[in-house]
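I opened the structure to look up a few contacts and exposures. My entries follow in the order I made them.

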Amino acid sequence: MKLWMWFRLLTKRLYKKPTFLAILLLIPALVLGYGAAAQGDSGMITVALAQKEADPVAAGMIQSLDGSSQLIRYQICDDAQTAEELVRGGKADMAWIFHGDMEARLKKFVSQPKEKNAMVTVLLREDNVSLRLAREKLSGALYHALSQQIYISYIRENVPEFDGLSQAELMEYYHKQEMTDQLFAFNESDAALENAQTVHYLTAPVRGLLAVVIALCGMATAMYYLQDTRRGTFAWVSTGRLPAVELGCQLVSLVNVAAVVLLALALSGQAGSFLPELLTALLYCLCCAAFSMLLRRLCGSVRMLATLLPLLVVLMLVLCPVFFDLGDLRSFQYLLPPTYFIQGTYNAKYLLYMAGYTGICLGLYSLLGLVKE
């Protein structure tokens, strides 16, 4: 009963702080913003598609490329000149202009692969990693048609026992082989999700960003606690019980934020099973509380903690696997709490690592307390 009374009192105090309310409002705004972006035209690059001359094979390639894509937005042009103008005008990042008589060009390439035999003209404003990756998509479209010619040519030249089969019969076997034209597939398959669900590449970092927001809340609560200590809010509490009071302040704020995070994930369709998500969130709250308490004792002042906070947020966004995983710097990401929340969603063993990390932080916090306070 007394714990519930403390929880209510501390929660009431938190909701009177504008900074805390801003953090709570940031969470649904972040999730809804990413969700809205994912619903719109969110291709990373725009590719203009055109033909120099009308050709059924080229038209088939363009049709296979056109369609929904998370990474590439295709724009079909009536002629090559229009595609060129889009690139020059900055309305397209790249243009793929297919030549005429594609079937003959494909056959010539199979028979004489060393000779220059352009099938597609590629125009681009600048060369970068995204455009190079996009060209792999073009190579895939060409390979689909080219592989048929290579297959027929190989069978005719090297498998004489199939001479009696018509080209249509050979192609029937060819088309039975499963092929995919997807360059990337984004799936979120984790321990909390019994069935993997497809995730848009724009919404993929949301869970990591929310993990950083929860950690930010913990550090903000550490500053609140320092302010309360200066005001003498907990002067009546014995020194031996102050760590429990500080932990309680941390958990009250973190649990409130985590509840909003789970609700936002559920409303956006990105949450997994309820119990695993709840367990991960509770463990993460304790982890962030321990980290923030240790940080508070290391800094010792609101000014030092406020100075360090932006740097820590940037480090979390860069080092932790929010957007990408830095292989050479992977060891450093385990010094920061969001790593365990992100990885723990996919691999249950990271929940044990999170518990160990929490224990280490609390141990160092207690050790520093014996030295400094």
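Entry 1. I looked up Arg 231 and found it exposed, because its relative accessibility is 57% and the cut-off for exposed is over 50%. The model is predicted, and I read each value with that in mind. Arg 231 forms a salt bridge with Asp 228, and I get 3.3 Å between the closest N and O atoms. Is Asp 228 buried or exposed? I find Asp 228 buried, at 4% relative accessibility. The two residues are three apart, about one turn of the helix, and both belong to helix H8. So this bridge pairs a buried Asp 228 with an exposed Arg 231.

Entry 2. I stayed with H8 and asked which residue Arg 207 bridges to. The partner is Glu 277, with the closest N and O atoms 2.9 Å apart. Arg 207 sits in helix H8 and Glu 277 in helix H10 (residues 274–299), so this salt bridge ties together parts 70 residues apart in sequence. I then checked accessibility on each side. Arg 207 has a relative accessible area of 4% and is buried. Glu 277 is buried as well, at 5% relative accessibility. Both values fall under 20%, the cut-off for buried.

Entry 3. I counted the salt bridges in the structure and noted four. One of them joins Arg 88 to Glu 84, whose closest N and O atoms are 3.4 Å apart. Both residues are in helix H4 (residues 80–88), with a spacing of four residues, about one turn of the helix. How exposed is Glu 84? I list Glu 84 as partly exposed because its relative accessibility is 26%, which lies between the 20% and 50% cut-offs. Arg 88, at 68%, counts as exposed.

Entry 4. I turned to the packing of H8 against another helix. The axes of helix H8 (residues 206–231) and helix H9 (residues 242–267) come within 9 Å, and I read a crossing angle of roughly 150°. That angle makes H8 roughly antiparallel to H9, since the cut-off for that label is over 145 degrees. What is the handedness of the crossing? H8 passes H9 in a right-handed crossing.

Entry 5. I looked at two strand residues. Met 94 is in strand S3 (residues 94–98) and is buried, at 0% relative accessibility. I asked how far its C-alpha atom is from that of Val 47. The separation is 4.9 Å, although the two residues are 47 apart along the chain. Val 120 belongs to strand S4 (residues 120–124). Val 120 has a relative accessible area of 16%, so I marked it buried. Its C-alpha atom is 9.5 Å from that of Lys 52, and 68 residues separate the pair along the chain.

Entry 6. I ended with the surface. Which residues make the nonpolar patch of about 550 Å²? I noted Ile 360, Leu 364, Leu 367, Leu 370 and Val 371. Val 371 is located in helix H14 (residues 349–372). I recorded Val 371 as exposed because its relative accessible area is 66%. That value also passes the over 30% that patch residues need.

Conventions: Residues are numbered from 1 along each chain as its sequence is written. This is a predicted model: local features need pLDDT of at least 70, side-chain atom pairs count only at pLDDT 80 or more; totals for chains, interfaces and linings use all residues. Side-chain values use heavy atoms; hydrogens and water are left out. Patches are made of residues with over 30% relative accessible area and no salt bridge: like charges are joined within 9 Å, nonpolar side chains (Val, Leu, Ile, Met, Phe, Trp, Tyr) within 5 Å. Accessible areas come from the Shrake-Rupley method with a 1.4 Å probe; for residues, only the protein chains shown count as cover. A salt bridge is a side-chain nitrogen of Lys or Arg within 4 Å of a carboxyl oxygen of Asp or Glu. Buried means under 20% relative accessible area, exposed over 50%, partly exposed in between (1.4 Å probe, protein chains only). Axes are lines fitted to C-alpha atoms, for helices over the stretch in contact, and angles run from 0 to 180 degrees between N-to-C directions. Angles under 35 degrees count as roughly parallel, over 145 as roughly antiparallel, 65 to 115 as roughly perpendicular and the rest as oblique. A crossing is left-handed if the near helix is turned anticlockwise from the far one by less than a right angle, and right-handed if clockwise.
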